[in-house]
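Walk through this protein from the inside out. Start with the empty spaces, then move to the surface.

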Amino acid sequence: MAPGSKARTALARLREDLVGDVFAPGDAGYDEARVVFNGMVDRRPAVIAQCADDADVVRAVRFGRDLDLHIAVRGGGHSVAGSATADTALVVDLRRMDGVTVDPAAEAVRVQGGATMGRLDRATRPYGLAGTGGRAPGIGVGGFVLGGGSGWLDRVFGPAVDNLIGVELVTADAERVHANADENPELFWALHGGGGNFGVATALTLALHELPALSVALLRYPPSSGPDVVRAFREVIRTGPDEAGGAVVYLAEGEPVLPVCAALVTYAGGEEGLRKAAGPLLALPHEAEVAGPLTYSEVQCLLDLPSGLRNHWSAECLAALPDEAVDAWCGCAERMPVPSGSQQLLFPLGGAIASGPAEYPVPYRSAAWAVHPLGNWADPADDERAVAWVRDVRAAVRPWSTGAVCLNLIGDEGPERVRAGLGAGNALRLGKVKRRWDPDNVFRFNHNIEPL
């Protein structure tokens, strides 16, 4: 924030007016407040406004506009690109706004903008209901849903954005608006994949689905069995119902041997159905097996990554998974940064993803599989090889890529990748919505859409 009497006066007023807390450089608590999930991100915002309610968000946005500050929005702070913070910007921090209110009769839930997936899953569990969640409990619901939302149950319930009923938003003009199918419908359309480009999402209303049982099989195989494991998993998805999902994953353990190969099969139902669906994988020789019922919250923690380490992720969506693609993907595991927390995931799409509403800016619906390398390591000396490995995985499977991508799964990879995540045919329409609601591109710390 530029020095001067106007800035000092405005900051003092914000401290007085905000119900929540305000941090600026030099304040006790500032350094703790600016930390995000990715340990590679070390930025110094001008002001961090930890908002307690919608009125606080309005006050914070008005403060930022009065001082001509760009605005970053923090929900879960889980973005690999560190979009929840920025140097010399205002951070609207929603973590105190984390309420979750379930309406079991309507099979819907209202989630405040600072809530995480773990909080959402715990709130819906007592009612036997669930939504499409991310693959880690610390993911922020707001950014996850508005960016598309890919999770363990999307083959049966659709991606999270397909379950979006309404959004409560504070705009760049510090106005509170609602968007749903009837109210601001064009904005509502753009929020189905357009992310945080149009304002601060203070609350979202989502459809829920009955989930009386969830069963999981987690199998560990010798590293050399990787290609056979992927082919068996491919058969599980080809022959099984949409209730079957999961992933094949290499885990960066066991140096100097190849990383560990594992298969996770999720099944929206009981253990009997799980074992039937997972038959091809269970039949392969494996070193360890855990199979049975788990809560959705427990499943979300199975492949969770610790906060604070260094991260670099990316993804490719594949039209098909022929044997050549299987071999190319498995071969990349030999170059994983081992040992580390890195993961090399391959998971199925299709099902309710493919059959969902075609009009939304979710261009990866036609893809059958997704490849998702997650570099996660502690030592800065490993930066170069970890980032190179992620790029190598993408390059290895690119011959089978649809060209589209789920934006939730990637970081800052340039405007071409943003277009790949929004769909080239949607660019003009999204740009016009951006011009209507944020013509000055105040909300630019995201997979950015330029006003048109």
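This is a predicted model. Take the lining of the largest cavity first. Its residues divide into 7 nonpolar and 3 polar, with no charged residue. The nonpolar members include Met117, Leu120, Val145 and Leu206. Gly131, Thr132 and Asn163 are the polar ones. Ala160, Ala207 and Leu208 also line this space. Two elements, helix H4 (117-124) and strand S10 (200-207), each supply at least two residues of that lining. The volume of the largest cavity is about 70 Å³.

How is such a space found? A probe the size of a water molecule is rolled over the atoms, and this shows where empty space is left. The count here comes to 3 cavities of 30 Å³ or more.

Now turn to the second largest cavity. Its volume is about 40 Å³. By class, its lining has 3 nonpolar, 3 polar and 3 charged residues. The charged ones are Arg135, Asp154 and Arg155. Trp152, Phe347 and Pro348 make up the nonpolar share. Gly151, Gly245 and Gly246 count as polar. Helix H6 (154-157), strand S13 (244-251) and strand S18 (343-348) each supply at least two residues of this lining.

Finally, go to the surface. Leu218, Val290 and Leu302 form a nonpolar patch there. Together they have about 240 Å² of accessible area. Find Leu302 in the loop between helix H11 (296-300) and strand S16 (310-313). Why can Leu302 belong to a patch? Patch residues need over 30% relative accessible area. Leu302 qualifies on that count because its relative accessible area is 33%, which makes it partly exposed.

Terms used. Residues are numbered from 1 along each chain as its sequence is written. This is a predicted model: local features need pLDDT of at least 70, side-chain atom pairs count only at pLDDT 80 or more; totals for chains, interfaces and linings use all residues. Side-chain values use heavy atoms; hydrogens and water are left out. Patches are made of residues with over 30% relative accessible area and no salt bridge: like charges are joined within 9 Å, nonpolar side chains (Val, Leu, Ile, Met, Phe, Trp, Tyr) within 5 Å. Accessible areas come from the Shrake-Rupley method with a 1.4 Å probe; for residues, only the protein chains shown count as cover. A salt bridge is a side-chain nitrogen of Lys or Arg within 4 Å of a carboxyl oxygen of Asp or Glu. Helices (H or I, at least four residues) and strands (E, at least two) are DSSP runs, numbered from the N terminus. Buried means under 20% relative accessible area, exposed over 50%, partly exposed in between (1.4 Å probe, protein chains only). On a 1 Å grid over the protein atoms alone, a cavity is a set of points where a 1.4 Å probe fits but cannot get out, and a pocket is an open set with protein on both sides within 12 Å along at least five of seven lines; lining residues have an atom within 4 Å of a point. Grid points are joined across faces, edges and corners, and a volume is the space filled by probe spheres set on the points.
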